Amino acid sequence: MGDRWWRDAVLYQVYPRSFADANGDGIGDLAGVTERLEYLEWLGVDGIWLNPIHPSPNVDWGYDVSDYTGVHPDLGTLADLDRLVTEAGARGIRIVLDLVPNHTSDRHPWFRERPDFYVWSDEVPNNWESIFGGGSAWKFDDERGRYYLHNFAPGQPDVDWWNPEVRTEFERILRFWFDRGVAGFRIDVAHALIKDAQLRDDPVIPGLGMRRRYSMYRPETHDILREWHALAREYAPPRLLLGEAYSLEFEEWASYYGAGDELDLAFAFVLTHANLDAAEMRDVVAEVEAVLPTDAWACWTGSNHDIGRFASRWAKGDDALARCALIVLLGLRGTPCLYYGDELALESGVVSEDRILDVASPSRDPGRTPMPWTPDGGWHDPWLPLTDTRRNVEDQRADAGSTLHFTRDLIALRRRLGDLRSGRYEALPAPDGAWVWRRGAGTLVAVNLGMSAVAIHGVDGSIATCTDRVREGERVTGRLELAPAQGAVVTS
Ligand code: GLC
Ligand code: CA
């Protein structure tokens with residue numbers, strides 16, 4: 001395993017504007033994250049991924065970058081970032097930033113000064129459509145009298161990755177942050193950088209709609225990822241490349257690992273999108289395990305700033321089911337990435353029509369509401385509303401039976417048990433509704449996601465962790481019974 005630190009890590013995603021507000025202006029900031037390092041160390045996470053922190057007109061809340069080596073004034077300064085990196089490092093926590101290489105803001109100076117950094121056409125050349133809706137991905141620019149490509153919002157012109165100078169600029173950006181001690185990057189839309197050189201039409205499949213084969217998913221994108229991989233390996237410890245490789249097709253998704261020389265980790269969104277259903281998830285994981293190159297593994301996540309929170313989507317507000325989901329995320333072979341609040345089984349927030357700030361529709365804001373720190377939230381007039389504070393850090397930290405303590409203990413168990421961190425995954429036969437797998441030689445993980453009690457045979461050992469905590473320490477001899485929405489880790 002060597003120095004690939006992410007193989008042993010639990011990652012934690014922070015949406016900076018919503019995590020913690022140090023100066024009381026209602027917007028979370030970098031100093032706020034630094035203030036909460038004590039909490040994150042107590043929880044046991046090894047790395048924090050921050051959504052974009054750079055100057056941005058915030059058309060897409062930081063995913064429209066206007067300066068790749070700066071810090072957005074709402075979030076703090078470069079000195080605040082340096083301090084966060086240092087103080088997190090002192091607690092054994094690494095900081096991972098978000099790289100947005102597919103597009104910039106239309107207010108990035110390049111857009112006026114270096115038009116050759118973007119994709120242009122005299123006429124609308126093809127049928128490509130913006131992901132955010134509104135039709136064509138091409139917009140007429142009055143100043144140039146030509147059309148530019150925007151796969152996302154019009155304020156996010158796509159960069160021309162065929163231009164070698166673009167590549168040089170981004171290598172400089174990677175090094176700028178790596179040299180400062182940043183531990184890696186989550187790479188936004190990592191599958192999309194190169195566009196078809198001939199700008200061919202995306203195929204439209206009857207019944208399935210448009211398939212983005214030419215506007216993204218071009219094979220030449222792999223060359224860029226390989227170059228970055230080599231660059232990241234020049235550093236000690238090596239810097240992490242964690243890709244948002246958004247494909248629900250297994251083979252294509254796995255291709256972004258290359259032969260172990262492209263992405264180090266890719267989010268397995270195919271699991272994120274699955275239902276919390278034993279058979280469905282077991283099949284997904286079997287496929288993932290089958291397509292991954294030797295010595296690679298997935299990054300598992302249930303929630304993020306785009307898809308919302310698993311406590312709502314998967315668990316429908318049921319804490320027992322949310323704990324089962326946590327066992328899944330932390331018990332599979334791979335690197336888990338929790339989204340801030342997942343450890344509380346936090347549900348998506350409620351954002352009324354007049355408070356919506358997101359450019360996309362349906363709005364992703366319910367999954368981006370502020371972290372509830374105290375019974376009254378702990379925020380002063382936050383940028384997005386915080387209405388439900390029933391699940392909050394203060395109360396749950398004071399309650400040993402809370403989901404927060406459950407998550408913390410599960411993370412600690414993962415650290416203690418080599419099997420759970422890196423042991424082989426093997427699905428075992430299980431009754432309907434249950435999903436049971438072995439990790440390594442001596443650890444068994446089981447969740448009952450069905451509606452009736454199940455008995456799993458051939459299990460011997462003792463319960464190390466259980467969603468129903470009173471069962472911990474219980475001896476299992478030949479038969480493990482699980483009530484609905486119960487899950488356990490059994491060690492022999
Ligand atoms: C990614 C981000 C999303 C953003 C989009 C455009 O999918 O996760 O939040 O809107 O890219 O940058
Ligand atoms: Ca603030």
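Select ligand 1 first, together with the 13 residues that surround it in this predicted model. The closest of these are Asp60, Asp188, Glu244, His305 and Asp306. Colouring the shell by residue class shows 7 charged residues, alongside 3 polar and 3 nonpolar ones.

Next, display the side chains that make polar contacts with the ligand. At glutamate 244, a side-chain N or O atom is 2.8 Å from an oxygen atom of ligand 1. Histidine 305 also places a polar side-chain atom 2.8 Å from an oxygen atom of the ligand. Then add arginine 364, where a polar side-chain atom lies 2.9 Å from an oxygen atom of ligand 1. Of the 310 Å² of accessible area that ligand 1 has on its own, the protein covers 96%. Switching to a surface representation places the ligand in the largest pocket.

Now move to ligand 2, the calcium ion. Which protein atoms serve as its donors? Select Asp21 (OD), Asn23 (OD1), Asp25 (OD), Ile27 (O) and Asp29 (OD), which lie 2.2 to 2.3 Å from the ion. Along the chain, these donors follow the spacing D-x1-N-x1-D-x1-I-x1-D.

Finally, keep two of these donor residues selected and inspect their surroundings. Is asparagine 23 buried or exposed? Its relative accessible area is 53%, and exposed means over 50%, so asparagine 23 counts as exposed. Aspartate 29, by contrast, has a relative accessible area of 5%. Because buried means under 20%, aspartate 29 is classed as buried.

Definitions and conventions. Residues numbered from 1 in each chain as written. Chains lettered and ligands numbered in written order. Predicted model: local features only at pLDDT ≥ 70, side-chain atom pairs only at ≥ 80, totals over all residues. Heavy atoms only, no water. Near = heavy atom within 4 Å. Polar contact = N/O pair within 3.5 Å; in protein donor to acceptor, adjacent residues only side chain to side chain. Areas by Shrake-Rupley, 256 points an atom, 1.4 Å probe, with all protein chains shown as cover. 1 Å grid on protein atoms, 1.4 Å probe; cavity = no way out; pocket = protein on both sides within 12 Å on 5 of 7 lines; lining within 4 Å. Sits in = over half its atoms within 2 Å of the grid points. Nonpolar A, V, L, I, M, F, W, Y, C, P; charged D, E, K, R; others polar. Donors = N, O, S within 2.8 Å, 3.2 Å for Na, K, Ca; no water. Buried < 20%, exposed > 50% of the residue type's maximum accessible area, 1.4 Å probe, protein only.
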